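Trainee: Before going any further, I would like to take one part of this model slowly rather than survey everything at once. Could you walk me through a single strand and its surroundings?

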Amino acid sequence: SNLHRQILHTMADLGSPKVESAQTQLEALNPDVVVIPMQESLESSNARRLIQDYDIVLDGSDNFPTRYLVNDACVLLDKPLVSGAAIHLRGQLMVIRPHKTACFRCLFPEPPKPEAIPSCQEAGVLGSAVGVIGTLMAHEAVKLALGVGDALTNRLLVFEGMRSRFREVPVRRDDGCAVCGSTPTIRRLVSEGAACTVS
């Protein structure tokens with residue numbers, strides 16, 4: 001249902017798990033890459049296990065519960081996070097270095113109310129907007145891995161696809177943040193909010 005915003009899957013892959021078609025495509029592009037497919041949903045019960053072995057985490061999920069869960073897990077595990085999202089013709093991106101820079105909760109302390117979240121059918125997203133944000137996420141991850149350049153920390157990069165413009169919104173770490181502040185109230189992972197649903 002979302003092939004328009006995918007580059008690792010084709011019509012020939014319909015009916016097979018995305019992790020399998022992604023692995024096949026990535027290994028065909030570069031036989032030296034090691035792909036470890038994990039066919040399970042990210043939940044509070046498994047997030048630590050799924051994230052703990054990695055040096056950098058990229059989150060391009062399409063719902064708020066997952067975005068908050070990944071943010072919280074990365075902060076609790078002290079893992080750099082590249083967080084990006086797109087909807088309609090817009091997108092946003094930021095890099096999080098836990099306990100050093102603003103995290104997702106510093107910027108958005110609470111998930112939106114379920115009635116404020118449109119269904120995926122109502123919202124929609126242009127595949128090219130996802131491509132813009134995804135490419136920038138990869139760019140930031142490579143910079144982090146190499147230790148070069150200025151990471152997109154304490155800044156939210158906003159892409160306005162209708163006008164093909166970028167703008168930066170400065171953000172700062174909130175000392176009162178529930179997960180990364182000086183007296184955090186979130187010390188274990190919990191799922192919250194409502195996902196974008198198909199109606």
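Which residue in β4 is the bridge partner of L93?

Mentor: The bridge partner of L93 in β4 is L157, and that pair is a good place from which to work outwards. The model is a predicted one, in which local features need pLDDT of at least 70 and side-chain atom pairs count only at pLDDT 80 or more, whereas totals for chains, interfaces and linings use all residues. Residues are numbered from 1 along each chain as its sequence is written, and side-chain values use heavy atoms, with hydrogens and water left out.

As to the frame, the protein has 6 helices and 5 strands, where helices (H or I, at least four residues) and strands (E, at least two) are DSSP runs numbered from the N terminus. Along the sequence their order is α-α-β-α-β-β-α-α-α-β-β.

β3 spans residues 90-96 and β4 spans residues 155-160. The two strands run antiparallel and are joined by 4 bridges; strands are said to pair if DSSP finds at least two bridges between them. Besides L93 with L157, R90 stands opposite E160 in β4. β3 also pairs with β2 in the antiparallel sense, here over 7 bridges, and L81 faces I96 of β3 across that pairing. The hairpin of β2 and β3 has 2 residues between the strands, and H88 takes a positive phi there, near 55 degrees. Beyond β4 comes β5, antiparallel to β4 and joined to it by 6 bridges, with L157 standing opposite E168 in β5. L157 is therefore matched with L93 and also with E168, a bridge pairing being what DSSP needs at least two of before strands count as paired. The hairpin of β4 and β5 leaves 4 residues between its strands, and S164 has a positive phi near 50 degrees in it.

Because 6 of the 7 residues of β3 are buried, this strand is largely enclosed by the rest of the structure; buried means under 20% relative accessible area, exposed over 50%, and partly exposed in between, with a 1.4 Å probe and protein chains only. β4 is mostly covered too, with 5 of its 6 residues buried.

Part of that surrounding structure is α6, whose buried residues pack against β1, β2, β3 and β4. Those buried residues are G127, A129, I133, M137, E140, A141, K143 and L144. At 1.5 Å a residue, the 20 residues of α6 (127-146) should span 28 Å, and the end C-alpha atoms are 29 Å apart, which agrees; the expected span is 1.5 Å times one less than the number of residues. After α6 comes G147, whose phi is positive, near 70 degrees.

The nonpolar cores show how these elements meet. A nonpolar core is a set of buried Ala, Val, Leu, Ile, Met, Phe, Trp, Tyr and Cys residues joined through side-chain atoms within 4.5 Å. In the largest, which has 25 residues, C103, V179 and C180 touch the most other members. The elements α2, α3, β3, α4 and β4 each supply at least two residues of this core, and α3 gives the most, with 7 residues. Leaving aside neighbours within four places in sequence, C180 is in contact (heavy atoms within 4.5 Å) with V75, H99, C103, C106 and R173. A second, separate core of 12 residues includes L93, M137, A141 and L157, so the pair you asked about shares it with two buried residues of α6.

For the whole protein, buried residues make up 38% of the 199 residues. Among contacts between residues at least 6 apart in sequence, 59% join residues at least 24 apart. A compact globule of 199 residues would have a radius of gyration near 16 Å, and the protein has 17 Å, which agrees; the radius is taken over C-alpha atoms, and the globule rule is 2.2 Å times the number of residues to the power 0.38.
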